[in-house]
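Biologist: I have a sequence and its structure open on my screen, and I would like to talk them through with you. Could we go step by step?

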Amino acid sequence: MTGLRALAATMVVMIHTGALVNFGAFGQAITSAGKYGVDIFFVISGYTIARTFTEAKNYQSYLTRRILRIVPLYWLAIAVAILLWRTGAFALPYWMQELGSQPDLYNFLMHLSMLSYLDYRVANSLLGVEWTIPIEVFWYVCLPLLLHFTKSIPKAVGGILVLLVLTGGLSYASKQLFGTSQPIKWSPIAHGHLFVVGAAAFYLRERFAEGGSGRAAFWIGGAVLVFLTALLLDFGGRSELLALSTAAMIVWATPQRVAWLTRPLTLPPMLFLGSISYSIYLLHMLVLQVMQGFALLPQAGLAQFLVVYSVTVALSTGTYLLVEKPTNRMGCRLAEAGQLAGSTASPKVGN
């Protein structure tokens, strides 16, 4: 999973810096595919939710660990962004200008509450990528209640179809009421199917844990081929193909079965980048906008990607060591304490 997180975070930085736009059709396709890095993150999160909830003794300990894994750095980044934009020294972010929001107390509190998706004008106004974090938290809270429906393929497919139909209906209603479907695009419901796909991948991985290497090689080979096709060619449905191929890799990829895939994904640089991938994702737009404000960036392209990525990796290393790692450890300790305290409590939901 760690190597896939590194890949997803890198994809997101690539699209925001126009990394390969000057390298022909393939380069432009790879760059534009960066927006689907978020979908890969959501699939991985669905898997992680199912795994960590299954391993936890109770809902409280599970949720404590997940919240402390993601929220502290998010709050820090939001606070820094508010302070930067309120100085007036930098141009306001694109979505803040586009939707007419301001770096004010209302905006700040909506983000702190993890309910910013209730007002699309502020949902993505501060960092340009933060809209995904309240969605993650929403599914941290809700998906364990629905895990029963992800344990079999028919139920998972049914759940996915329900979520997609609901998203389509809400998007239509949003267009009629507000003239845009953006309020739904940045809402939890629009991405719920990706979390369900990830959760289903967890149970399928358990089911096929003893499967033969030949069968695994077939599925992994197909998944990698689909993934690369969606990455290199620009066509409709790339998001869905990248999500499904990611899920297939989660299900079947183990070092014993397909070392040719797991070996590059577990190289030390990939593991390092994967461990700091959350910081990379959350902070790279701040780095880009601040450096643009000081006129320190080359034009969009490979040079800009290399500069932004390098600075972000350096900064993310610091935030991982000073913020993510300590708060993650705190979450583990509190979760363990919650498991002990709840050892005599009622059984978990979802099982």
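What follows is a friendly round of questions and answers about this predicted model.

Biologist: Let's start with Thr17. Is Thr17 buried or exposed?

Modeller: Thr17 is found in helix α1, which covers residues 2-17. Its relative accessible area is 0%, and the cut-off for buried is under 20%. Thr17 is therefore buried.

Biologist: Which residue offers its backbone oxygen to the side chain of Thr17?

Modeller: A polar contact needs a pair of N or O atoms within 3.5 Å. A polar atom of the Thr17 side chain lies 2.8 Å from a backbone oxygen, and that oxygen belongs to Val13.

Biologist: And which residues is Thr17 in contact with, leaving aside its neighbours within four places in sequence?

Modeller: Contact here means heavy atoms within 4.5 Å. With those sequence neighbours left aside, the residues in contact with Thr17 are Leu288, Ala300, Gly301, Gln304, Phe305 and Val308.

Biologist: Now to the loops. What is the phi of Met114, and where does Met114 lie?

Modeller: Most residues other than glycine have a negative phi. Met114 has a positive value, with phi near 65 degrees. As for its place, Met114 lies in the loop between α6 (105-112) and α7 (120-123).

Biologist: Is Met114 buried or exposed?

Modeller: The relative accessibility of Met114 is 8%. Buried means under 20%, so Met114 counts as buried.

Biologist: What about Ala295: is Ala295 buried or exposed?

Modeller: Ala295 is in the loop between α16 (277-293) and α17 (302-341). Ala295 also has a positive phi, about 55 degrees, although it is not a glycine. Its relative accessible area is 66%, and exposed means over 50%, so Ala295 is exposed.

Biologist: At the bench I would ask about cysteines. How many disulfides does the structure hold?

Modeller: Two cysteines to look at are Cys142, partly exposed with a relative accessible area of 22%, and Cys332, partly exposed with a relative accessible area of 22%. A disulfide would need a pair of cysteine sulfur atoms within 2.5 Å. The number of disulfides in the structure is 0.

Biologist: Turning to helix pairs, are α11 and α13 roughly parallel or roughly antiparallel?

Modeller: The axes of helix α11 (residues 192-207) and helix α13 (residues 238-252) come within 8 Å and cross at roughly 20 degrees. Angles under 35 degrees count as roughly parallel, so α11 and α13 are roughly parallel.

Biologist: Is the crossing of α11 and α13 left-handed or right-handed, and which residues make the contact?

Modeller: The crossing is right-handed. On the α11 side the contact is made by Leu194, Val197, Ala201, Leu204 and Arg205, and on the α13 side by Ala243, Ala247, Ile250 and Val251.

Biologist: And α4 with α6: roughly parallel or roughly antiparallel?

Modeller: The axes of helix α4 (residues 59-86) and α6 come within 10 Å and cross at roughly 170 degrees. An angle over 145 degrees counts as roughly antiparallel, so that is what α4 is to α6. Tyr74, Trp75, Ile78, Ala79 and Ile82 in α4 meet three residues in α6: Phe108, His111 and Leu112.

Biologist: Last one: which residues does Val141 touch, not counting those up to four places away in sequence?

Modeller: Val141 lies in helix α8 (residues 132-142) and counts as partly exposed, at 33% relative accessibility. Val141 and Tyr62 are 79 residues apart in sequence, and their C-alpha atoms are 9.7 Å apart in space. The residues that Val141 touches are Tyr59 and Leu63.

Note on methods
Residues are numbered from 1 along each chain as its sequence is written. This is a predicted model: local features need pLDDT of at least 70, side-chain atom pairs count only at pLDDT 80 or more; totals for chains, interfaces and linings use all residues. Side-chain values use heavy atoms; hydrogens and water are left out. Helices (H or I, at least four residues) and strands (E, at least two) are DSSP runs, numbered from the N terminus. Buried means under 20% relative accessible area, exposed over 50%, partly exposed in between (1.4 Å probe, protein chains only). A polar contact is a pair of N or O atoms within 3.5 Å; within protein, one must be able to donate a hydrogen and the other to accept it, and residues adjacent in sequence count only if both atoms are side-chain atoms. Axes are lines fitted to C-alpha atoms, for helices over the stretch in contact, and angles run from 0 to 180 degrees between N-to-C directions. Angles under 35 degrees count as roughly parallel, over 145 as roughly antiparallel, 65 to 115 as roughly perpendicular and the rest as oblique. A crossing is left-handed if the near helix is turned anticlockwise from the far one by less than a right angle, and right-handed if clockwise.
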